[in-house]
Amino acid sequence: MINGRQARLLGTVCWILLVIACGEDSNSGSGITGADVANDLAAENDVSPNDVTLIEDVSDTSPDTALDSIAADDADTDHADVDADLTEDVAPLPEKGETVWLILDSDEPQGAHNFGAAPEMVYEFARFHTLWPARIWSFRAMFQTAQDSKITVYLWNDFGGDFIDFQVDPPLAATEISVTAAQSGRWIDIPLAYPIDLVPGRMFYAGVIVNGAGSPHLMVDATPSDPPYPDTAPPSLVWQSAEPLSPEGFPAISLAAGDYMLRVEAEQLEVVTDFHFEALTDEISGIPGFGRLAFADIDDDGDDDVMLDGPRLLVNDGFGVYTDMTSQALADITGHNGGVWGDYDNDGDPDYFATGLMDRLLRNDDGLFVDVTPESGIDDAQEFMCDGTGGVQNVPTEAAAWLDIDNDGDLDLYQANFICWVDGYGSQDKLWLNQGDGTFVDASASLGIVSPQYLKAHLPDKYFLAGRGLAPADYDSDGDMDLLVANYRLHRNLMWENEDGQRMVSVGESSTLEGVGTLASLQMYFGHTIGAVWGDIDFDGDLDLFQANLSHPRFFSFSQVATMYENPGGPSPVFQDVTDLIGIRYQETPSNPTLWDFDNDSDLDLFYTCVYSGRQSQFYRNDGHPMWSEITYQSGLGVYGGWGAAAADIDQDGDLDLVAGPQKFSNHNLADNGAIFIRPRGKGAGFTNKSGFGVRVIAEVSGNTVVRELSGASGTGIQDSPYVHIGIGKLTSAKVQVHFVTTGTIVDLGMVEAGSRLIVDEDGTTIEF
């Protein structure tokens with residue numbers, strides 16, 4: 001996190017109704033952000049209060065951050081008289097390596113903004129971005145001033161990655177210089193007394209505060225650079241911080257008339273030539289773009305097939321090349337946003353539940369999928385108000401999960417139902433119990449999940465929570481499956497504790513997993529949780545949880561950010577927030593998290609996508625909890641504006657690859673570590689469900705007990721591979737047991753060799769691929 005969670009930023013006062021309106025549609029961002037404000041102002045730039053007297057028209061536009069090699073100072077560059085460096089020297093100066101200039105401008109100044117006779121606290125700031133870890137050495141700036149005066153040049157940390165917000169206090173660096181009238185319109189070099197390291201690489205901001213008569217202004221060129229991505233802000237901006245907030249709660253930020261004549265000297269601290277992952281094209285992988293996905297081995301050939309979105313079925317050839325079998329297998333079934341696999345009829349092949357406005361249960365009949373929704377009894381129609389139309393109608397389902405609630409060997413189904421975007425009314429989640437004969441009954445009321453879903457206890461009708469993601473797990477290790485419901489719209493999350501299949505008890509508050517609530521306008525506000533995922537990050541045998549929360553920077557004070565929760569164990573665990581402890585930086589738009597062992601070293605690492613255009617995914621390597629490192633640059637995993645993501649060894653080379661909308665990545669396994677893959681399979685009715693959901697694979701690896709639990713869903717309604725992955729490092733084998741928790745059956749596999757890929761049945765039968 002950046003300076004803890006109490007960082008102050010651009011004014012935390014806001015309008016609650018606006019916050020409630022912030023968000024994105026199912027698969028892409030469309031919410032109100034600072035970038036939207038800047039883009040809206042772009043059309044009004046010629047009537048902006050930030051008047052500029054143009055000398056001549058300059059048509060050149062440069063990229064967001066251009067790189068020019070350092071050259072010798074020329075005669076047109078002055079060296080600043082540094083009056084004070086406001087940052088503290090903490091160590092001897094490091095040796096300076098090769099540097100580059102980060103440049104936005106066209107090198108043709110056109111003038112400066114006119115903020116009136118006595119501007120008050122006006123920030124002229126520019127955004128820069130390095131993917132690689134950087135060391136910042138100096139600035140080069142051009143000012144307009146009619147008199148000798150002083151100005152402070154600042155370096156600010158990014159805040160949230162939204163292309164507009166930065167951490168105002170404290171700055172990363174602040175250097176006060178004297179500027180003479182003779183230096184007006186000339187380049188001035190401004191060294192930092194001590195360089196600033198930005199590790200990992202990131203967005204950052206440089207600029208000045210124009211305050212009072214005679215204060216120097218940064219000069220601008222003729223034309224602002226284009227935004228780096230659609231629906232994002234150009235890099236040069238103005239914030240009139242003394243102006244009141246808009247009626248919607250936004251500060252007075254507008255576009256600069258051109259790019260600032262301000263450059264940053266940076267040294268690349270790490271050059272990576274061998275990345276952990278390689279991006280695959282659609283043509284190579286056969287996997288097109290998508291929003292959500294779910295892996296399954298539909299033909300029992302040992303590899304991972306995948307269903308995308310709509311739905312679209314892709315079959316793996318065993319080497320990571322996929323063939324589209326949609327027309328042969330799914331006929332004319334369309335109109336869905338995703339779904340999950342589960343062998344609900346225990347016939348040995350995975351069936352599929354497709355989510356959307358009209359959900360469908362698709363039974364797998366030897367590779368042909370038949371719509372059996374009407375006869376199944378699954379129907380989420382309910383009283384619902386949307387776009388002014390009320391009545392009994394089907395509601396939008398954002399995610400579904402298969403889990404065996406009553407441990408009878410049949411998979412039951414939970415639907416996380418969402419809101420109407422137009423009116424904001426929520427809909428009720430549904431829990432369906434499998435009767436074992438192809439039909440389901442609505443057990444929502446009998447299992448106690450209805451009233452805890454009310455947004456407010458006194459407003460039951462229409463005011464349900466905004467279900468967005470699901471993550472089932474045996475969170476208290478008592479032998480039955482519990483469930484975390486990720487809710488959006490600043491609603492509390494639901495944590496359902498399963499009481500022997502007889503009742504689902506809401507323990508979100510007592511466990512802390514409902515999130516951190518803040519009281520405002522007579523209502524508690526939590527986080528915009530999109531997806532969540534369970535996994536044992538600390539080798540203590542219980543399951544920890546990561547929640548991916550979207551949190552806009554200006555609503556940071558009452559909108560909870562993405563959070564890692566550590567499970568202390570016990571029958572009623574109270575989870576501890578360890579986000580700051582492990583060093584997860586605040587990002588505005590986390591969406592789908594994945595806990596996986598990408599480097600086969602046996603501990604779980606963290607990847608998550610970030611929705612909205614241009615927002616980069618983040619990747620953290622577990623170096624032995626609580627030591628984690630952000631390695632987004634080093635990994636080669638860069639997904640921009642992503643949604644769903646899932647891990648599987650798609651090419652069967654012994655490591656986990658990642659498919660993260662809309663990109664595909666092949667793992668190079670740079671550490672050359674080994675792994676074991678186990679697909680548990682239950683006996684069905686009266687035993688463990690055939691899909692093996694809830695089964696735990698436990699291995700002893702280098703003195704640690706590795707626990708993995710096979711789940712029927714996670715994140716935004718996605719599924720990782722059904723082949724449970726255990727990384728074993730440099731070991732040639734590891735002791736492995738498969739715990740069929742429902743029946744208490746333990747299949748002891750003894751020492752399993754690295755590279756093994758097994759199906760393990762509840763009766764002890766094994767199949768090796």
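Helices and strands are DSSP runs, a helix having at least four residues and a strand at least two, and they are numbered from the N terminus. The legends below use these element names for a predicted model.

**Figure 1. Overview of the predicted chain.** The chain holds eight helices and 57 strands. Of its 769 residues, 61% are buried. The accessible surface comes to about 26900 Å², and carbon and sulfur atoms account for 51% of that area. Among contacts between residues at least 6 apart in sequence, 67% join residues at least 24 apart.

**Figure 2. Asp-500 and its backbone angle.** Asp-500 is placed in the loop between strand S35 (494-499) and strand S36 (503-506). Its phi is near 55°, a positive value in a residue other than glycine. Most residues other than glycine have a negative phi. With a relative accessibility of 64%, Asp-500 counts as exposed, because the cut-off for exposed is over 50%.

**Figure 3. Asp-366, a residue with positive phi.** The loop between strand S25 (360-365) and strand S26 (368-371) contains Asp-366. Phi of this residue, which is not glycine, is near 55°. Asp-366 is exposed, its relative accessible area being 77%.

**Figure 4. Surroundings of Asp-482, a buried residue without a salt bridge.** Asp-482 belongs to strand S34 (residues 482-488). The nearest side chain of opposite charge is that of Arg-696, at 7.4 Å. A salt bridge requires the side-chain nitrogen to be within 4 Å of the carboxyl oxygen, so this pair does not qualify. The side chain of Asp-482 does reach the backbone nitrogen of Asn-498, at 2.7 Å. Beyond its neighbours within four places in sequence, Asp-482 is in contact with several residues, including Leu-403, Pro-472, Tyr-475, Met-495, Trp-496 and Asn-498.

**Figure 5. Salt bridge between Lys-96 and Glu-265.** In this pair, one of the 25 salt bridges counted, the N to O distance is 2.8 Å. Lys-96 is in the loop between strand S4 (81-85) and strand S5 (99-103) and Glu-265 is in strand S17 (residues 262-268), so the bridge ties together parts that are 169 residues apart in sequence. Lys-96 is partly exposed, at 43% relative accessibility, whereas Glu-265 is buried, at 6%.

**Figure 6. Salt bridge between Asp-165 and Arg-554.** The closest N and O atoms of the two side chains are 3.1 Å apart. Asp-165 lies in the loop between strand S9 (149-158) and strand S10 (166-167), while Arg-554 lies in the loop between strand S40 (544-550) and strand S41 (563-566); the pair therefore ties together parts 389 residues apart in sequence. Asp-165 is buried, with a relative accessible area of 0%. Arg-554 also counts as buried, at 5% relative accessibility.

**Figure 7. Salt bridge between Glu-630 and Arg-585.** The closest N and O atoms are 2.9 Å apart. Glu-630 is in strand S46 (residues 628-630) and Arg-585 is in the loop between helix H7 (579-582) and strand S43 (590-596), 45 residues apart. Both residues are buried.

**Figure 8. A network of salt bridges.** The linked residues are Asp-297, Asp-300, Arg-679, Arg-681 and Asp-761.

**Figure 9. Aromatic rings of Tyr-454 and Phe-464.** The model has 40 aromatic pairs. In this one the ring centres are 5.3 Å apart and the planes meet at 45°, so the pair is tilted. Both Tyr-454 and Phe-464 lie in the loop between strand S32 (440-442) and strand S33 (466-473), 10 residues apart. Phe-464 counts as buried, at 9% relative accessibility.

**Figure 10. An aromatic cluster.** One cluster is formed by Tyr-123, Phe-125, Tyr-154, Trp-156, Phe-166, Tyr-205 and Trp-239.

**Figure 11. Cis peptide bonds before Pro-170 and Pro-311.** Most peptide bonds are trans. Asp-169 and Pro-170 are joined by a cis peptide bond with omega about 0°, and Pro-170 is found in the loop between S10 and strand S11 (173-179). A cis peptide bond also joins Gly-310 and Pro-311, where omega is about -5°. Pro-311 is in the loop between strand S20 (305-308) and strand S21 (312-316).

How values were computed: Residues are numbered from 1 along each chain as its sequence is written. This is a predicted model: local features need pLDDT of at least 70, side-chain atom pairs count only at pLDDT 80 or more; totals for chains, interfaces and linings use all residues. Side-chain values use heavy atoms; hydrogens and water are left out. Buried means under 20% relative accessible area, exposed over 50%, partly exposed in between (1.4 Å probe, protein chains only). Lys and Arg count as positive and Asp and Glu as negative; His and the chain ends are not counted. A polar contact is a pair of N or O atoms within 3.5 Å; within protein, one must be able to donate a hydrogen and the other to accept it, and residues adjacent in sequence count only if both atoms are side-chain atoms. Contact means heavy atoms within 4.5 Å. Accessible areas come from the Shrake-Rupley method with a 1.4 Å probe; for residues, only the protein chains shown count as cover. Rings of Phe, Tyr and Trp (its six-membered ring) pair if their centres lie within 6.5 Å; planes under 30 degrees apart count as stacked, over 60 as edge-to-face and the rest as tilted.
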